[in-house]
Amino acid sequence: VDPRTDTLLTPIYPVDKARNADGQRRVLQPDLLATAPPAPPTDEMAPLLRKLMTEYAATGISPGYLPKPQNEEHP
């Protein structure tokens, strides 16, 4: 129910828990793409990432992310 206009938006029906729990499920067909072996990993960088890294290196700007030092003196 819309609180502003008291208009019924959609009916709500109770859930039949016994029918949902009877264990009857449809049989899924095997997906041919999911059963194919994964492509072997390559040492190449993704083309878009390579392009972005090249553009970033060409600007000469310092890195946008600087990792924290790993020494224990500076928590």
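**A nonpolar surface patch and its surroundings**

Met 45, Leu 49 and Met 53 come together as a nonpolar patch on the surface, and their joint accessible area is about 270 Å². The model is a predicted one. Of the patch members, Met 45 sits in the loop between helix 2 and helix 3. With a relative accessible area of 39%, Met 45 counts as partly exposed, because that class lies between the 20% limit for buried residues and the 50% limit for exposed ones.

Helix 3 itself comprises the 13 residues 47–59. A simple check on its geometry works out nicely: at 1.5 Å a residue, helix 3 should span 18 Å, and its end C-alpha atoms are 19 Å apart, so the two values agree. After helix 3 comes Gly 60, with a positive phi near 80°.

Confidence helps to put these features in context. Over the chain, the mean pLDDT is 77, with 77% of the residues at 70 or more. Helix 3 has the highest confidence in the chain, with a mean of 84, while helix 2 (residues 32–35) has the lowest, with a mean of 60.

Towards the start of the chain, Asp 2 belongs to the segment before helix 1 (17–20). Asp 2 is classed as buried because its relative accessible area is 15%, and the cut-off for that class is under 20%. The side chain of Asp 2 also has a polar partner: the side chain of Thr 5, with which it makes a contact at 3.1 Å.

Note on methods:
Residues numbered from 1 in each chain as written. Heavy atoms only, no water. Helix = DSSP H or I, 4+ residues; strand = E, 2+ residues; numbered from the N terminus. Expected span 1.5 Å × (residues − 1). pLDDT = per-residue confidence, 0-100. Patch = residues over 30% accessible without salt bridge, like charges linked within 9 Å, V, L, I, M, F, W, Y side chains within 5 Å. Areas by Shrake-Rupley, 256 points an atom, 1.4 Å probe, with all protein chains shown as cover. Salt bridge = Lys/Arg side-chain N within 4 Å of Asp/Glu carboxyl O. Buried < 20%, exposed > 50% of the residue type's maximum accessible area, 1.4 Å probe, protein only. Polar contact = N/O pair within 3.5 Å; in protein donor to acceptor, adjacent residues only side chain to side chain.
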